[in-house]
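Reader: I would like to learn how to read local features in a model, one feature at a time. Could you give me the general idea in each case and then turn to the example at hand?

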Amino acid sequence: ISNPANPFYAGNYDTADFAHDVAVSGDYAYIADGDYGVVVVDVSNPTNPTYAGSYNTSGYAHGVVVTGDYAYIADNTRGLVIVDVSDPTDPTEVGSYNTDDRSYGVAVSGDYAYVTISNTGLVVVDVSDPANPTEMGSYNTEGYTRGVAVSGDYVYIADGSKGLVVMNVSYLIDRTGTMVYAGGYDTPGYANGVVVSGDYAYVADGGSGLVVVDVSDPANPTM
């Protein structure tokens, strides 16, 4: 993508199952690969990605994010699974938290993991001690949560037919209260994924393609 107007194929690695999500850290790509857990691929040579290691979460890995030495996996069966990837060739589990429903997406900021839970909404897990994750709070978004992103005091949720949901988590982070609903934007399609950059949220919106939402005022997101 060095020339964004003319992207071209560079290489690939065919994982054993359905690749649902990917995170990249350094020379490695970490893939949420369904029944095969997290698969680590060496992408130091993008034209020839090679297998480096894997960890079978014993469930169904759907989402993944990597921060520091840890990969955080949203597992449909087990909830949040935390894997030590300080040695990418030998990932090892250090802790987990059962979210009681199917986990789809995960984002991490500071000491907190934000996990989207099927039709339950958002669960926030304190991961300051990766070996002993504990729930801090939850919120039912009333949709079918999938992707999630964090920026500052706000969490942005791709909430299926409900579109984009924005939560203020500042009170949760400073432990003076719970998270609260900030605002939302009902996208025309089915919101599956979201990333945030600056004042904009970019939503993968099913049949509607890419929807860009101005979130400079999180209480009033606009197309």
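Reader: Let me begin with a single residue and its place among the strands: where does D100 lie?

Author: Please keep in mind throughout that this is a predicted model. D100 lies in the loop between β8 and β9, the latter spanning 103-109.

Reader: What is the phi of D100, and how should I read such a value?

Author: Most residues other than glycine have a negative phi. In this structure D100, although not a glycine, has a positive phi of about 70 degrees. With a relative accessible area of 69%, D100 is also exposed, because exposed means over 50%.

Reader: Which residue in the loop between α1 and β16 can I set beside that example?

Author: R175 is found in the loop between α1 and β16, and its phi is near 60 degrees, again a positive value in a residue other than glycine. R175 counts as exposed, at 54% relative accessibility.

Reader: With which residue does R175 form a salt bridge?

Author: The partner of R175 is D126, and the closest N and O atoms of this salt bridge are 2.8 Å apart. Since R175 lies in the loop between α1 (170-173) and β16 (180-185), while D126 belongs to strand β11 (residues 121-126), the pair ties together parts that are 49 residues apart in sequence.

Reader: Is D126 buried or exposed?

Author: D126 counts as buried, at 7% relative accessibility, whereas R175 counts as exposed, at 54%.

Reader: How many salt bridges does a search of the whole structure find?

Author: The search finds two salt bridges. Besides the pair already discussed, E93 forms a salt bridge with R78, with 2.8 Å between the closest N and O atoms. This pair links distant parts of the chain, for E93 is in strand β8 (residues 92-97) and R78 in the loop between β6 (70-75) and β7 (79-84), 15 residues apart. E93 is partly exposed, with a relative accessible area of 27%, and R78 is partly exposed as well, with a value of 22%.

Reader: I should like to turn to hairpins: how many bridges join strand β17 to strand β18, and in which direction do these strands run?

Author: Five bridges join β17 (residues 193-197) to β18 (residues 200-204), and the two strands run antiparallel. Reading across the pair, one finds S197 opposite Y200 in β18. Two residues lie between the strands of this hairpin, where G198 takes a positive phi near 60 degrees.

Reader: Which residues form a nonpolar patch on the surface with Y200?

Author: Y200 forms the patch with L210 and V212, and together the three have about 270 Å² of accessible area. L210 is found in strand β19, which covers residues 210-214, and is exposed, with a relative accessible area of 61%.

Reader: How should I read residues that follow one another in a strand, and is V211 buried or exposed?

Author: In a regular strand the side chains alternate between the two faces of the sheet. Here V211 lies in strand β19 and is buried, with a relative accessible area of 4%. Leaving aside neighbours within four places in sequence, V211 is in contact with T187, P188, A201, Y202, V203, D205 and M223.

Reader: Which residues does D21 touch, not counting those up to four places away in sequence?

Author: D21, found in strand β1 (residues 21-25), touches Y30, I31, A32, H62, G63 and V64. The C-alpha atoms of D21 and H62 are 6.4 Å apart, although 41 residues separate the two in sequence. A polar atom of the side chain of D21 lies 3.1 Å from the backbone nitrogen of V64, and D21 itself is partly exposed, with a relative accessible area of 29%.

Reader: As a last case, with which side chain does the side chain of N168 make a polar contact?

Author: The side chain of N168 makes a polar contact with the side chain of S170, at 2.7 Å. N168 is found in strand β15 (residues 164-168) and is buried, because its relative accessible area of 13% falls under 20%. Not counting residues up to four places away in sequence, N168 touches D153, Y154, M179, V180 and A182.

Definitions and conventions:
Residues are numbered from 1 along each chain as its sequence is written. This is a predicted model: local features need pLDDT of at least 70, side-chain atom pairs count only at pLDDT 80 or more; totals for chains, interfaces and linings use all residues. Side-chain values use heavy atoms; hydrogens and water are left out. Helices (H or I, at least four residues) and strands (E, at least two) are DSSP runs, numbered from the N terminus. Buried means under 20% relative accessible area, exposed over 50%, partly exposed in between (1.4 Å probe, protein chains only). A polar contact is a pair of N or O atoms within 3.5 Å; within protein, one must be able to donate a hydrogen and the other to accept it, and residues adjacent in sequence count only if both atoms are side-chain atoms. Contact means heavy atoms within 4.5 Å. Patches are made of residues with over 30% relative accessible area and no salt bridge: like charges are joined within 9 Å, nonpolar side chains (Val, Leu, Ile, Met, Phe, Trp, Tyr) within 5 Å. Accessible areas come from the Shrake-Rupley method with a 1.4 Å probe; for residues, only the protein chains shown count as cover. A salt bridge is a side-chain nitrogen of Lys or Arg within 4 Å of a carboxyl oxygen of Asp or Glu. Two strands pair if DSSP finds at least two bridges between them.
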